[in-house]
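Below are some notes on the model, set out as numbered points for a colleague who wishes to check them against the coordinates. Please read them with the structure open.

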Amino acid sequence: MTATIISGKDLAIQKRQELANEVKLLKQKGITPKLVIILVGDDPASLSYIKGKQKASVETGVEFKLEHLKESVTENELLQLIDRYNQDPFVDGILVQLPLPKHIDEKAVIEKISPEKDVDGFHPINIGRMMTGQEAFLPCTPAGIVELIKSANIEIAGKHVVVVGRSNIVGKPVGQLLLNEDATVTYCHSKTNNLRSFTKEADILIVAVGKAHFLSADDMKEGAVVIDVGVNRTQSGKLVGDVHFEEAKEKAGFITPVPGGVGPMTITMLVHNTILAAKKRLS
Ligand code: NDP
């Protein structure tokens with residue numbers, strides 16, 4: 001059996017077209033959605049992620065601004081800058097690119113962003129709203145994963161979802177979103193005993209560990225839906241996921257590739273959230 005590939009790249013193209021149409025309508029009403037990304041320092045991976053976010057914004061007609069700050073900026077200066085954008089009525093979304101330098105408290109920064117402009121969905125208020133099933137900015141990677149699963153017409157309700165990884169930005173929230181969709185969710189992490197006994201039970205297996213080829217065909221059941229979140233660079237410079245794709249695709253029912261799976265949808269959901277925030281200007 002060869003798995004159906006769920007292409008995040010194709011879905012992102014389609015979604016961005018829909019988002020571009022929404023922006024056109026907003027512009028007719030005098031609203032241009034605007035996203036501000038704040039980057040501290042020159043981390044090459046962060047710069048590359050931001051490039052992708054800028055491209056998706058521009059493509060859909062969202063105004064994009066990068067605030068590129070020196071590594072030496074103080075926490076206080078950063079908090080003041082965030083506050084300025086919190087007050088700016090023409091800015092809809094504020095994203096502080098993580099990770100931050102060690103001298104800056106990430107939690108304080110995330111909590112400084114107005115929950116109404118927190119398009120990354122990391123603010124505790126948005127996380128609480130998501131947990132309780134209220135309207136919220138959903139974290140982009142988990143929201144993108146749900147879109148990917150739904151795009152393949154896969155039933156979620158009643159399915160056993162196993163999430164490997166419990167980070168605040170991927171593992172925990174993706175499990176919560178799928179619980180909200182009536183899945184039965186199991187979380188696994190580095191202290192889980194006999195990991196394979198869980199992964200082999202998964203109807204939908206979500207892997208967000210950050211280790212190249214961490215799971216392979218032997219770790220999953222025949223026909224499973226496999227969502228590979230990991231992005232790892234091999235010594236030869238190739239990007240690979242947490243799942244051994246070549247092996248797994250012979251056993252899974254559905255699988256996302258790396259690159260071209262979860263990544264493009266993460267960025268698309270950021271633009272989606274920015275447009276959602278801009279729509280609030282209408283009311
Ligand atoms: P974190 O490092 O924050 O979390 C990794 C998780 O994996 C932890 O919960 C950890 O467990 C768990 N883990 C580590 N080793 C094992 C093990 N041996 N067995 C079981 N679980 C283990 O990573 P992120 O969640 O931020 O990211 C995960 C991956 O996804 C990375 O490759 C990242 O680059 C990628 N990513 C991709 C995105 C995209 O858009 N495509 C977006 C965000 C991330 P414990 O909690 O016990 O330490």
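1. Asn180 lies in helix H7, where helices (H or I, at least four residues) and strands (E, at least two) are DSSP runs numbered from the N terminus. With 16 C-beta neighbours inside 10 Å, Asn180 counts as partly exposed, given that a residue is buried if 20 or more other C-beta atoms lie within 10 Å of its own, exposed if 12 or fewer, and partly exposed in between, with C-beta atoms placed from the backbone. Asn180 and Gln97 are separated by 83 residues in sequence and, C-alpha to C-alpha, by 28 Å in space.

2. On provenance, this is a predicted model, in which local features need pLDDT of at least 70 and side-chain atom pairs count only at pLDDT 80 or more, while totals for chains, interfaces and linings use all residues. Residues are numbered from 1 along each chain as its sequence is written.

3. Helix H7 (residues 171-180) also belongs to a β-α-β crossover, since the chain passes from E5 through this helix to E6, and the crossover is right-handed, a term meaning that, with the strands pointing away from the viewer, the path from the first strand over the helix to the second runs clockwise. Strand E5 (residues 160-164) and strand E6 (residues 184-188) pair in the parallel sense over five bridges, where pairing requires that DSSP finds at least two bridges between two strands. Within this pair, Val163 has Tyr187 in E6 as its bridge partner.

4. An open sheet of six strands, with parallel pairing, has the order E1-E11-E8-E7-E5-E6. Its edge strands are strand E1 (4-5) and E6, each of which pairs on one side only. E1 runs parallel to strand E11 (residues 254-255) and is joined to it by two bridges, with Ile5 standing opposite Ile255.

5. An open sheet of three strands, again with parallel pairing, has the order E3-E2-E4. Here the edge strands are strand E3 (63-69) and strand E4 (93-96), each pairing on one side only. Neighbouring strands of this sheet are turned by 15° against each other on average, direction ignored, the axes being lines fitted to C-alpha atoms (for helices over the stretch in contact) and angles running from 0 to 180 degrees between N-to-C directions.

6. Strand E2 (residues 34-40) is joined to E3 by seven bridges and to E4 by four bridges. Leu39 has His68 in E3 as its bridge partner, whereas Ile38 stands opposite Val96 in E4. Both faces of E4 are covered, as Gly93 and Leu95 on one side and Ile94 and Val96 on the other are all buried.

7. The domain assignment gives domain 1 (30-116) and domain 2 (139-262), the bounds coming from an automatic or database domain assignment. The C-alpha centres of these two domains lie 29 Å apart.

8. The largest nonpolar core (a set of buried Ala, Val, Leu, Ile, Met, Phe, Trp, Tyr and Cys residues joined through C-beta atoms within 7 Å) has 77 residues, and those with the most contacts inside it are Leu205, Ile206, Val207 and Val226. Its largest share, nine residues, comes from helix H10 (residues 262-279). Because domain 1 and domain 2 both give residues to this core, it lies between them.

9. Leu205 touches Val162, Thr199, Met220, Ala224, Val225 and Val226, not counting residues up to four places away in sequence, where contact means that the C-beta atoms of two residues, placed from the backbone, lie within 7 Å.
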